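Trainee: I have a structure open on my screen, and I would love to learn how to read it. Could we go through it together?

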Amino acid sequence: MAERVPGGRPRREPLALKDIVLMVVLGVVFGFLYWALVQAWNGLAVLMGPAGDLAQHLLLGGWLLVAPIAIAIIRRPGVGVLAEVLASVVEVVFLGSPVGPLLVVAALLQGLGSEIPFALGRYRRFGWARFALSGLLGATLVFGWSAFRFGWYGQDVLVLRLVLQAASGVVLGGLLAKVVVDALRRTGVLDGFAIGRAAAAAREPVARRG
């Protein structure tokens with residue numbers, strides 16, 4: 001919620017305690033889920049044999065999930081980035097991710113890319129296309145960093161890597177996030193958050209003009 005300050009400019013109130021708690025909970029839960037996804041990545045890489053290096057791109061979208069979910073529920077700037085970073089810290093500090101501290105840098109980029117489409121919609125638009133774009137930008141933004149770090153530039157399969165990662169971002173990091181958010185909203189557990197208040201306002205009958 002925003003309030004007016006001298007000069008007529010709106011000033012946003014700080015995040016409510018329940019929003020902060022939710023972000024922490026999401027960060028912890030998805031930190032564990034992301035760690036499990038690493039195990040799935042390793043297994044898929046083995047199954048794919050010589051093409052196993054591409055497994056990371058097929059599953060990359062799964063590491064984008066927490067950002068759009070947090071944004072859709074809380075609807076405040078920065079919560080997507082914070083949720084992704086929190087999840088990465090849980091992975092590195094508590095679960096000993098083999099990626100190490102650089103995972104936090106990747107999470108920062110993923111969260112930023114995922115949040116941009118919602119920021120452009122002023123955190124008021126949450127349709128399927130918005131979620132898909134969130135996953136796409138999150139996946140492609142971190143791809144540039146990963147390509148530099150792992151020396152993918154100049155490889156014959158660079159474009160294939162990018163296409164696979166972008167598709168994974170759209171499906172797993174965008175559309176799946178929308179499915180999860182809608183499912184949670186229908187249970188009623190989110191009624192006390194911004195997403196619940198927005199849904200309640202949308203259900204209110206429109207007053208007829210006299």
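**Salt bridges and helix packing**

Mentor: Gladly! In this predicted model, Lys-178 forms a salt bridge with Asp-182, and their closest N and O atoms are 3.5 Å apart. Ask me anything about that pair to begin with.

Trainee: Which helix holds Lys-178 and Asp-182, and about how many helical turns separate them?

Mentor: The two residues are four places apart in the sequence of one helix. Because of that spacing, Lys-178 and Asp-182 are separated in helix H7 by about one helical turn.

Trainee: Is Lys-178 buried or exposed?

Mentor: A residue counts as buried when its relative accessible area is under 20%. Lys-178 has a value of 11%, and its partner Asp-182 has 13% and is buried too. So the word for Lys-178 is buried.

Trainee: Which residues are linked with Asp-182 in a network of salt bridges?

Mentor: Start from the bridge between Lys-178 and Asp-182. Asp-182 also meets Arg-185 in a salt bridge, at 3.9 Å from N to O. Those two are three residues apart in helix H7, so about one helical turn separates them. The residues linked with Asp-182 in the network are therefore Lys-178 and Arg-185.

Trainee: How does Arg-185 count: buried, partly exposed or exposed?

Mentor: Buried means under 20%, exposed means over 50%, and partly exposed is in between. Arg-185 has a relative accessibility of 33%, so it counts as partly exposed.

Trainee: How many salt bridges does the structure hold?

Mentor: Besides the bridges of Asp-182 with Lys-178 and with Arg-185, Arg-161 forms one with Asp-53. Side chains of opposite charge can pair when their charged atoms come close. The number of salt bridges in the structure is three.

Trainee: How many residues apart in sequence are the parts that Arg-161 and Asp-53 tie together?

Mentor: The closest N and O atoms of this pair are 2.4 Å apart. Arg-161 lies in helix H7 (residues 158–187), while Asp-53 is in the loop between helix H1 (17–47) and helix H2 (55–59), so the pair ties together parts whose separation in sequence is 108 residues.

Trainee: Which of these two is buried, and which is partly exposed?

Mentor: Compare each value with the 20% cut-off for buried. Asp-53, at 40%, counts as partly exposed. With a relative accessible area of 5%, the buried one is Arg-161.

Trainee: How are H3 and H7 oriented to each other?

Mentor: The axes of helix H3 (residues 66–74) and H7 come within 9 Å and cross at roughly 40 degrees. Angles under 35 degrees would count as roughly parallel, and 65 to 115 as roughly perpendicular. The crossing angle of H3 and H7 falls in neither range, so the two helices are oblique.

Trainee: Which residues of H3 meet H7?

Mentor: On the H7 side, the partners are Gly-173, Ala-177, Val-180 and Val-181. By class, this contact has six nonpolar, one polar and no charged residues. The H3 residues are Pro-68, Ile-69 and Ala-72.

Trainee: What is the orientation of H5 to H6?

Mentor: Helix H5 (residues 102–120) and helix H6 (residues 128–150) pack with their axes 8 Å apart, at an angle of about 150 degrees. Angles over 145 degrees are in the class this pair belongs to, which makes H5 to H6 roughly antiparallel.

Technical notes. Residues are numbered from 1 along each chain as its sequence is written. This is a predicted model: local features need pLDDT of at least 70, side-chain atom pairs count only at pLDDT 80 or more; totals for chains, interfaces and linings use all residues. Side-chain values use heavy atoms; hydrogens and water are left out. Axes are lines fitted to C-alpha atoms, for helices over the stretch in contact, and angles run from 0 to 180 degrees between N-to-C directions. A salt bridge is a side-chain nitrogen of Lys or Arg within 4 Å of a carboxyl oxygen of Asp or Glu. Buried means under 20% relative accessible area, exposed over 50%, partly exposed in between (1.4 Å probe, protein chains only). Contact means heavy atoms within 4.5 Å. Ala, Val, Leu, Ile, Met, Phe, Trp, Tyr, Cys and Pro count as nonpolar, Asp, Glu, Lys and Arg as charged, and the others, Gly among them, as polar.
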